[in-house]
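Colleague: I would like to go through this model with you and hear the grounds for each label you use.
Modeller: Go ahead and ask.

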Amino acid sequence: PCSHHGKTPPCADALIAAGVARVVVSVTDPDIRVAGRGLSMLQAAGIAVETGVLEAEGCAALAAYLTRQTKKRPYVTLKLAVSSDGMLGRLAAGQVAITGPVSRGQVHVLRAETDAILIGIGTALADDPELTCRLQGLEVRSPVRVVLDPRLELPVTSKLARTARDVPVLLVTGDDGEPDPAFSARRKALEAFGVEVVQCDPRRLDTLLVALATRGISSLLVEGGARTAQSFLDAGLVDRILLFGGATPLGSDGVASPCVPGRVPAGFSLRHTARYGADSLQDYERDD
Ligand SMILES: NC(=O)c1ccc[n+]([C@@H]2O[C@H](COP(=O)([O-])OP(=O)(O)OC[C@H]3O[C@@H](n4cnc5c(N)ncnc54)[C@H](OP(=O)(O)O)[C@@H]3O)[C@@H](O)[C@H]2O)c1
């Protein structure tokens, strides 16, 4: 329980005033304004305090909050749908169905649970995705949508731009557009649709993640494509990898996935598997 005045008075004081006899704690809050002080207040008031109960489970449930508090960046989940021959899609073929409706439903649940979702401009141009949560009743839980778009190529006719007033869209570019009038015109046109242009080098993913965390984003779902996924892996900024494996092959003209079921970069361990109809799910977590 907290020990400081934020939007509400200290929770530790409220617990003491309520006459609670015993408090069982899973995870201690690493927020420097709290960091064990609330627990000391409880103990000083004669309340029995037990800590570390189901701590690993507690940390898993609070991974996003804890990552933002301790690493000053969001918890990053890389999600990829991979065909049976290790492909993410086909060049210039638009969205290709790799997995079935149950897997896709699971992805929408993930979106509802996540603060922001990120793709590269390659995917935005190839697939014209909406990246919202379209599960009935959970539409309002759609995450903030972020596109790495160095040259501001997102068309104003894209689904992302056209829905930017309903669910925020951030375009990340390192360029301030000077002195290119065409860039400035694209920026103006996109902003007129409610798209926000964020000036931050999209190649500096570590800096970008810190910037997202300062906006209150604790969890980020990276949904591709191949180059964006590879960049996050290369930068060591992936905490969890979710591989949805489809049952059918796409063929050798496909876009190869940087991870395939059973073969992910070193430093990740398989935590969980599931079957969704004909598809498989492999859920890997970073070891540290
Ligand atoms: N199956 C799946 O789960 C899944 C998910 C998403 C997409 N896809 C498929 O993947 C394909 C698109 O993949 P892609 O690799 O071409 O595109 P991408 O990764 O979505 O986008 C690459 C573009 O983003 C820019 N970019 C800016 N910052 C970047 C950074 N830090 N790292 C990487 N790129 C950055 C690149 O700029 P530069 O040009 O300057 O390098 C490039 O133009 C499509 O076929 C799509 O259908 C599949």
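**Grounds for the labels**

Modeller: Helix 6 gives the most residues to the shell around the ligand, namely 5. Keep in mind that this is a predicted model.

Colleague: Which elements give two or more residues to the shell around the ligand?
Modeller: They are strand 3 (75–82), strand 4 (87–90), helix 6 (121–127) and helix 10 (226–234). The shell around the ligand holds 25 residues, and A81, T123, R203, T228 and S231 come nearest. By class, the residues of the shell divide into 12 nonpolar, 7 polar and 6 charged.

Colleague: What makes the pair of the ligand and the side chain of T228 a polar contact?
Modeller: An oxygen atom of the ligand is 2.8 Å from an N or O atom in the side chain of T228. A polar contact is a pair of N or O atoms within 3.5 Å, so this pair counts. Two backbone pairs pass by the same rule: a ligand nitrogen is 2.8 Å from a polar backbone atom of P202, and a ligand oxygen is 2.8 Å from a polar backbone atom of R227.

Colleague: How much of the ligand's accessible area does the protein cover?
Modeller: The ligand on its own has 930 Å² of accessible area, and the protein covers 86% of that.

Colleague: Why do you say that the ligand sits in the largest pocket?
Modeller: The ligand is placed in the largest pocket because more than half of its atoms lie within 2 Å of the pocket's grid points.

Colleague: Why are E50 and R22 called a salt bridge?
Modeller: Their side chains meet at 2.8 Å, N to O. The cut-off is 4 Å between a side-chain nitrogen of Lys or Arg and a carboxyl oxygen of Asp or Glu, so the pair qualifies. E50 in strand 2 (residues 48–50) and R22 in strand 1 (residues 22–24) are 28 residues apart, and the pair links distant parts of the chain. The count by this rule is 12 salt bridges.

Colleague: What makes the peptide bond between G224 and G225 cis?
Modeller: Omega of that bond is about 0°. G225 is in the loop between strand 9 (219–222) and helix 10.

Colleague: What is notable about phi of D128?
Modeller: Phi of D128 is near 45°, a positive value in a residue other than glycine. D128 lies in the loop between helix 6 and strand 6 (144–148).

Conventions
Residues numbered from 1 in each chain as written. Predicted model: local features only at pLDDT ≥ 70, side-chain atom pairs only at ≥ 80, totals over all residues. Heavy atoms only, no water. Near = heavy atom within 4 Å. Polar contact = N/O pair within 3.5 Å; in protein donor to acceptor, adjacent residues only side chain to side chain. Areas by Shrake-Rupley, 256 points an atom, 1.4 Å probe, with all protein chains shown as cover. 1 Å grid on protein atoms, 1.4 Å probe; cavity = no way out; pocket = protein on both sides within 12 Å on 5 of 7 lines; lining within 4 Å. Helix = DSSP H or I, 4+ residues; strand = E, 2+ residues; numbered from the N terminus. Nonpolar A, V, L, I, M, F, W, Y, C, P; charged D, E, K, R; others polar.
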